[in-house]
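Let's take a walk through this structure together, one stop at a time. Have the sequence and the 3D view open as you read.

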Amino acid sequence: MKPLVYYCRWQGASLKLRGRDETAVFGHLAFTEEDGSERVQEFHYNLQTRQLTLKNEMGDEVLQLDEMGITVV
């Protein structure tokens with residue numbers, strides 16, 4: 001789970017876990033906007049493959065993270 005924590009740090013997000021099982025964790029990433037409001041984005045993170053799926057209105061965005069939480073192309 002360390003790559004996910006690093007990813008949140010690099011993105012300036014707080015991690016709000018809602019659940020986990022043997023293979024994944026899920027919940028919300030919380031971002032503080034300039035006006036002080038909070039914007040949340042739902043996520044699902046696969047612990048084995050380090051794939052982070054970000055949920056949004058336009059569809060899911062799947063990111064591959066390296067061991068330091070940096071997106072790999």
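**A guided tour, starting at L17**

Our first stop is L17, which counts as partly exposed because its relative accessibility is 38%. Keep in mind as you look around that this is a predicted model. L17 sits in strand β1, and on the surface it joins M1 and V5 in a nonpolar patch. Taken together, those three residues offer about 210 Å² of accessible area.

Now let's turn to the helix. Helix α1 covers residues 2-11, and both Y6 and W10 belong to it. They are 4 residues apart, which is about one turn of the helix. How many aromatic pairs does the model have? The count comes to 1 when ring centres have to lie within 6.5 Å. That pair is Y6 with W10, and it is stacked, with 6.0 Å from centre to centre and 10 degrees between the planes. Are the two partners buried or exposed? Y6 counts as buried, because its relative accessibility is 19% and the cut-off for buried is under 20%. W10, at 45%, is partly exposed.

Next come the strands. Strand β1 runs from residue 13 to 20 and strand β2 from 24 to 32; the two are antiparallel, joined by 7 bridges. To find your place in this pairing, look for L15, which stands opposite L29 in β2. The link from β1 to β2 is a hairpin of 3 residues.

Strand β2 has another partner too: it pairs with β3 (residues 38-46), again in the antiparallel sense, over 9 bridges. Here a handy landmark is V25, with Y45 of β3 standing opposite. Between β2 and β3 there is a hairpin with 5 residues in between, and in its turn G36 has a positive phi of about 90 degrees.

While we're in β2, let's pause at H28, which lies in this strand. Which residues does H28 touch, setting aside its neighbours within four places in sequence? The contacts are S14, L15, K16, R18, V40, Q41, E42 and F43. One of these, R18, is 10 residues away along the chain, and its C-alpha atom is separated from that of H28 by 7.4 Å. With a relative accessible area of 23%, H28 is partly exposed, since buried would take a value under 20%.

As you follow a strand with your eye, here's a rule of thumb: in a regular strand, side chains alternate between the two faces of the sheet.

Moving on, the loop between β3 and β4 holds R50. What is there to notice about its phi? R50 is not a glycine, yet its phi is positive, at about 60 degrees. That's worth a look because most residues other than glycine have a negative phi. R50 is partly exposed, at a relative accessible area of 30%.

Our last stop is T53, in strand β4, which spans 51-54. T53 is buried, because its relative accessible area is 15%, under the 20% cut-off. Leaving out neighbours within four places in sequence, T53 is in contact with E42, F43, H44, D60, E61 and V62. Two names there may ring a bell: E42 and F43 are also among the contacts of H28.

How values were computed
Residues are numbered from 1 along each chain as its sequence is written. This is a predicted model: local features need pLDDT of at least 70, side-chain atom pairs count only at pLDDT 80 or more; totals for chains, interfaces and linings use all residues. Side-chain values use heavy atoms; hydrogens and water are left out. Two strands pair if DSSP finds at least two bridges between them. Patches are made of residues with over 30% relative accessible area and no salt bridge: like charges are joined within 9 Å, nonpolar side chains (Val, Leu, Ile, Met, Phe, Trp, Tyr) within 5 Å. Accessible areas come from the Shrake-Rupley method with a 1.4 Å probe; for residues, only the protein chains shown count as cover. A salt bridge is a side-chain nitrogen of Lys or Arg within 4 Å of a carboxyl oxygen of Asp or Glu. Buried means under 20% relative accessible area, exposed over 50%, partly exposed in between (1.4 Å probe, protein chains only). Rings of Phe, Tyr and Trp (its six-membered ring) pair if their centres lie within 6.5 Å; planes under 30 degrees apart count as stacked, over 60 as edge-to-face and the rest as tilted. Contact means heavy atoms within 4.5 Å.
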